[in-house]
Amino acid sequence: MTIKELYKLYQEHPCITTDSRDCPQGSIFLALKGDKFDGNKFALKALEQGCSYAIVDSEELRAKSEEPHSSLIFVDDCLQTYKDLAREHRRQFQIPVIGITGTNGKTTTKELIATVLQQRYNVLYTQGNFNNDVGVPKTLFGLNKSHDIAVIEMGASHPGDIRTLAETAEPTCGLITNVGRAHLQGFGSFKNVVKTKGELYDFLGRRGESLVFINVDNERLMDILPDTVWVAPYSANPENAEGCTVGEVISCAPFLKFRWRESDTNLEEKGQELQWYEVQTQLIGSYNIDNMMAAIAVGLNFGVEPADINRALEGYKPSNNRSQLTVTEKNHLVVDAYNANPSSMRAALENFRIMEGSPKMAILGMMGELGKSSQKEHQKIVDLIGQCGIDEVWLVGSEFQTIDCPYRKFADVDEVKAAISAEQPHDRYILIKGSNSTKLFQLPELL
């Protein structure tokens, strides 16, 4: 079958499942493969449980099938078919699609943008961090006639990943939050990180009549910006205010408070005078002003009124182990335990340094997927810790074990939990930051 023929079949059975444990009556099962599983082995079971068809790419099944009576549909590559079908579904909707990528802040920025746009529109947006070559198609299949706009997060760990995801989602506009030293093991070099994130710009540049929301404070992003796109600039530096939506930090005590205004160009077109708006957020970290400004720039472009933008940003409360402040009976916890790389770890430490409260304690997990640069990058973080005035530091994971430093070291989170149980830290301000693989997200309930 061609993709168009498959899509007609999907329209007759508009539910695709990739989980043989969840097979709604009349749905289509699509057999994905991973390192430890092969969906093809469960295709016949899926048909027995209620699926009308199963899309498979197993030669073994092909040899055993009883075509033309079989409900098995054979393709060369199920994952590619999944992406192609999702793109065909996306093409049925002539709505704005915003693609978002970046090393740090893309999930928070996506959440903030969706929150702002929801003040005026029905928005489809990536749930959680379903931002890979399985998650993006899954999100796109959620599109229906009620949606006015879509916000699609795109993650990457290898060169070419963003190009593939952009070709699947076909965004009409896009935003790169930043580029940093993450997933170096997969990318091979920082140069490849920049190139891969820039694949979103490349797609939008080739598409024509595309809009890029760009942080003009970020020289790396400005350097790779194509001249074939429209630009909606924003900045968190009043010195870069000309022609930009601009903001600046007022305080972090501990939540970010900032002010912003529209670009002078926009105000002139509207015949309005310069006006600053103050926003008190529920996010920890001065670095979040970039994410806030991105959401403001997007909201303004799509006609969301400033008062509604402010209401959305002030009402947003993180619930995903990102930039959260949790006050327990024992301690104040700054929880950022979903992920970590050199740039996000540095930002978290520098923000913790200026945050009010004492005594301060940091429980830091190792940063994963840094390849040959891992030891060097961990040493830089240890050197930075010494400049942050933190009273007590616990380092977790193998990458910290060989570094000479005066801080306590733990092999894994289980050793940390044992120490917490024995010592019962209390009356502290505690930063919890590390890669998801270190499982530091298990600690807040103990502190």
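The expected span of a helix is 1.5 Å times one less than its number of residues. The exercises below apply this and related notions to a predicted model.

**Exercise 1.** Determine how the end-to-end reach of helix 16 (residues 374-385) relates to the expected span, and where its buried residues lie around the axis.

*Solution.* Begin with the length: helix 16 has twelve residues, for which 16 Å is expected at 1.5 Å a residue, and the reach from its first C-alpha to its last is 17 Å, close to that expectation. Next, list the residues with under 20% relative accessible area; in helix 16 these are Ser-374, Glu-377, His-378, Ile-381, Val-382, Leu-384 and Ile-385. They cover an arc of only 160 degrees around the axis, and therefore they lie on the same side of helix 16. Finally, identify the cover over these buried residues, which includes helix 15 (342-354), strand 16 (360-365) and strand 17 (392-396).

**Exercise 2.** Describe how strand 16 and strand 17 are joined, and how far strand 17 is covered.

*Solution.* The two strands run parallel and are joined by five bridges; as one point of reference, Gly-365 stands opposite Val-396 in strand 17. As for burial, strand 17 is mostly covered, with four of its five residues buried.

**Exercise 3.** Work out the strand order of the nine-stranded open sheet, find its edges, and place helix 13 against it.

*Solution.* Reading across the sheet gives the order 6-7-5-8-9-10-11-12-13, and the pairing is mixed. The edges are strand 6 (123-125) and strand 13 (277-284), each of which has a single partner strand, so one side of each is left without a neighbour in the sheet. On average, and with direction ignored, neighbouring strands are turned by 20 degrees against each other. Within the sheet, strand 8 (residues 173-176) and strand 9 (residues 211-215) run parallel and are joined by three bridges, and Gly-174 has Val-212 as its bridge partner in strand 9. Helix 13 (residues 288-301) packs on this sheet, where it touches strand 5 (97-101), strand 8, strand 9, strand 10 (230-235), strand 11 (245-252), strand 12 (255-261) and strand 13, and its direction makes about 40 degrees with that of strand 12.

**Exercise 4.** Characterise the largest nonpolar core and the surroundings of Ile-55.

*Solution.* The largest nonpolar core has 57 residues, and those with the most contacts inside it are Ile-16, Ile-55 and Val-56. Once neighbours within four places in sequence are left aside, the contacts of Ile-55 include Leu-6, Ile-28, Phe-29, Leu-30, Ile-73, Val-75 and Leu-85. A second, separate core of 39 residues includes Phe-213, Tyr-277, Ile-296 and Ala-297.

Terms used. Residues are numbered from 1 along each chain as its sequence is written. This is a predicted model: local features need pLDDT of at least 70, side-chain atom pairs count only at pLDDT 80 or more; totals for chains, interfaces and linings use all residues. Side-chain values use heavy atoms; hydrogens and water are left out. Two strands pair if DSSP finds at least two bridges between them. Axes are lines fitted to C-alpha atoms, for helices over the stretch in contact, and angles run from 0 to 180 degrees between N-to-C directions. Contact means heavy atoms within 4.5 Å. Buried means under 20% relative accessible area, exposed over 50%, partly exposed in between (1.4 Å probe, protein chains only). The arc is that of the directions from the helix axis to the C-beta atoms. A nonpolar core is a set of buried Ala, Val, Leu, Ile, Met, Phe, Trp, Tyr and Cys residues joined through side-chain atoms within 4.5 Å.
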